[in-house]
Amino acid sequence: FKEDEVKETSSSKTCFFCPGNEHLTPPEIGRVEYKNTWKIRWFPNKFPAVELKGNAKIKKNKLLMEGKNYGVHEVIAETTDHKKQLADLSVEHIKEIFEVYILRIKALSKLKGTKYVTVFKNKGPQAGTSLVHAHTQVATLPLLPDDVINEVKAVKKSKKCPYCNIIKLESKSKRKIIENKSIIAFAPFASRFNFEAWLFPKRHVKSITAMYDDELYDMASALKKILLKLKKLNASYNFFLHYAPQGENLHFHIEITPRIAKWGGFELSTGAIINSVIPEDAAKFYRSK
């Protein structure tokens, strides 16, 4: 499953996210300082998927629903080092990036018309990335994502949190990848992607914004170990945060979806996914030395 290493082929040698080129990005929103420069910085996306134009109102009739792509789209440059990806950063540095996620979720959730703040990362050409320099994206939405709605509905059908029960099950299964004091990671039973992995705080936490300092550190440690294994495959991947919308109950988690295989007509026509790596084998790969 190892992918060929993809080298940077940009015709321009100028990286917009590198130190010294801050003037090439939209005006900075914030930064984490380190030794008279920045360590992490965030700013509006130059090519946003959503914009603060019009309003957040969604129009519906019996058959159709439409609305503006209303919202805010930001970029978090994760490091000053162009040659390092998230997997290469220290656990403490990754924890600081999580803390920036918390800052942006809290701040952007207060904006009028915001129903959800999505935090996601694209790494590699098969995952939709356009710039090599390590970064995460944050965007507000005027409606809840379908997957989050479905997860919330599934939780409501159970007297106890089903994810808490899944954590107990997977802690004893061959699908477990990593378990430390406060975090567990496993390859989900019905994995959609080769080497798919989910990270959960063992404590029932609705959002990353409610996690303790030591839990963030443990999650950063688990994420780093998983990403280092994907690095050995040169795998493109996405990851994203799922948390409870306001007033709802959902066990916070991070889903890591490597993009090694492409979906074809079978998957698109049936909704059934052909995955050539069973989750038990994926977990074994992640656990290997």
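Author: A charge sits over a ring if NZ of Lys or CZ of Arg is within 6 Å of the ring centre and within 35 degrees of the ring normal. This is a predicted model: local features need pLDDT of at least 70, side-chain atom pairs count only at pLDDT 80 or more, and totals for chains, interfaces and linings use all residues. Residues are numbered from 1 along each chain as its sequence is written, and side-chain values use heavy atoms, leaving out hydrogens and water.

Reader: Over the ring of which residue does the charged end of R41 sit?

Author: Over that of W38, 5.8 Å from the ring centre. K46 does likewise with F16: its charged end is 5.2 Å from the centre of that ring.

Reader: How many aromatic pairs does the structure hold?

Author: A pair of aromatic rings is described by the distance of the centres and the angle of the planes. Here there are 12 pairs (Phe, Tyr or six-membered Trp rings, centres within 6.5 Å; planes under 30 degrees apart are stacked, over 60 edge-to-face, the rest tilted). Y116 and Y243 are stacked, at 4.5 Å between centres and 10° between planes. Y116 lies in strand β6 (residues 116-123) and Y243 in the loop between β11 (237-242) and β12 (253-258), so this pair ties together parts 127 residues apart in sequence. Strands (E, at least two residues) and helices (H or I, at least four) are DSSP runs, numbered from the N terminus. F1, F195, F285 and Y286 make up one aromatic cluster.

Reader: Are Y116 and Y243 buried or exposed?

Author: Buried is under 20% relative accessible area, exposed over 50%, partly exposed in between (1.4 Å probe, protein chains only). Y116 is buried, at 1%. Y243 is buried too, at 6%.

Reader: Which residues touch the most other members of the largest nonpolar core?

Author: F98, I208 and I226, in a core of 67 residues (buried Ala, Val, Leu, Ile, Met, Phe, Trp, Tyr and Cys joined through side-chain atoms within 4.5 Å). Helix α1 (residues 91-109) gives the largest share, 9 residues. Beyond its neighbours within four places in sequence, F98 is in contact (heavy atoms within 4.5 Å) with I208, L216, M219, A220, L223 and I254. Another core, of 7 residues, lies apart; C15, W38, F43 and A77 are among them.

Reader: How many disulfides does a search of the whole structure find?

Author: It finds 0 (the test is two cysteine sulfur atoms within 2.5 Å). For C18, the nearest cysteine sulfur is that of C15, 3.6 Å away. C18 is buried, at 15%. For C164, the nearest is that of C161, 3.7 Å away. C164 is partly exposed, at 21%.
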